[in-house]
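Please look over the sequence and structure below. The report that follows goes through selected residues and then the chain as a whole.

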Amino acid sequence: MRRKRVPLPMVKWVSLFLSNREAAICLDGHISDSRPVENGIPQGSPISPALSILYASPVYEEFQARLATRYVHRVPPTTRLTPTMLIGYIDDVNIYTSSTSLLQNVAALRADFVTILHILHSLGLSIDFIKCALAHFTRKHNIDFPDITLPGLDGDVVVTHSNTVKWLRITFDSKLLFNEHVKTATNKAENIAKGLTMLGNCHDRDI
């Protein structure tokens, strides 16, 4: 926060906010003894998202700095490979690139994923490979979607292509038609409407 020139009073407030914290578990009305919390930030606190973004910001800054100094076209210009972009909110991160070759996209994403992995480790952060997803977006038909092999702590992790992937509550499909997203949103709206109808009927009967 000081490197980002956040005012000192706010830095001191955050320091106090994260110091001498304790937590207890409440289950069926029974509360356990409080125990000290030495890491992390409180779940549900309004300040937690802002602190998460501040803590993770060096990942994006360092990645963009490395990309700017080392990026060169790694393939012939005919593939039109674009620089890899890294965007995200809290711990929901998206890495993407584009070209005329899906195989080249996978190769570029893997190389830049390794760079991001090293930056995360330097900050004491890690990646949950179970939550990793891969989606190829193309309007071509009858093509094979290549998988991506990522280096994990216990060996390589293979992530296969998904026809749909959800990011920040938006469902993307491989053709970018958004039919699945519209379907999901419609079903959710119908369920809410049914629930409101049931509440309205209950109110009428009570009257």
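## Helix α4 and its residues

Val182 lies in helix α4, which covers residues 179-206. This is a predicted model. Val182 has a relative accessibility of 48% and is therefore classed as partly exposed, because exposed status requires over 50%.

Lys183 also belongs to helix α4. With a relative accessible area of 51%, Lys183 is exposed. Lys183 and Thr171 are 12 residues apart along the chain, and their C-alpha atoms are separated by 9.8 Å.

## A nonpolar surface patch

Val182 takes part in a nonpolar patch on the surface, together with Phe137, Ile170, Leu176 and Phe178. The area of this patch is about 400 Å².

## Gly88 in strand β5

Strand β5 runs over residues 85-89 and includes Gly88. Gly88 has 36% relative accessibility and so counts as partly exposed, since that value falls between the limits of 20% for buried and 50% for exposed.

Leaving aside residues up to four places away in sequence, Gly88 touches Tyr60, Val93 and Trp167. One of these, Trp167, is 79 residues from Gly88 along the chain, while the two C-alpha atoms are separated by 9.3 Å.

## Fold and overall dimensions

The protein chain contains 4 helices and 10 strands. Their order along the sequence is α-β-β-β-β-α-β-β-α-β-β-β-β-α. The radius of gyration is 23 Å, whereas the globule rule gives 17 Å for 207 residues; the chain is therefore more spread out than a compact globule. Measured out along its principal axes, the C-alpha trace spans about 70 × 55 × 35 Å.## Burial, contacts and surface

Of the 207 residues in the protein chain, 22% are buried. Among contacts between residues at least 6 apart in sequence, 46% join residues at least 24 apart. The chain exposes about 15,100 Å², and carbon and sulfur atoms supply 58% of that area.

## Confidence of the prediction

The mean pLDDT of the protein chain is 84, and 91% of its residues reach 70 or more. Confidence is highest in helix α1 (residues 8-17), at 92, and lowest in α4, at a mean of 81. Where pLDDT is low, predicted coordinates should not be read in detail.

Notes:
Residues are numbered from 1 along each chain as its sequence is written. This is a predicted model: local features need pLDDT of at least 70, side-chain atom pairs count only at pLDDT 80 or more; totals for chains, interfaces and linings use all residues. Side-chain values use heavy atoms; hydrogens and water are left out. Patches are made of residues with over 30% relative accessible area and no salt bridge: like charges are joined within 9 Å, nonpolar side chains (Val, Leu, Ile, Met, Phe, Trp, Tyr) within 5 Å. Accessible areas come from the Shrake-Rupley method with a 1.4 Å probe; for residues, only the protein chains shown count as cover. A salt bridge is a side-chain nitrogen of Lys or Arg within 4 Å of a carboxyl oxygen of Asp or Glu. Helices (H or I, at least four residues) and strands (E, at least two) are DSSP runs, numbered from the N terminus. Buried means under 20% relative accessible area, exposed over 50%, partly exposed in between (1.4 Å probe, protein chains only). pLDDT is the predictor's confidence in each residue, from 0 to 100. The radius of gyration is taken over C-alpha atoms; the globule rule is 2.2 Å times the number of residues to the power 0.38. Contact means heavy atoms within 4.5 Å.
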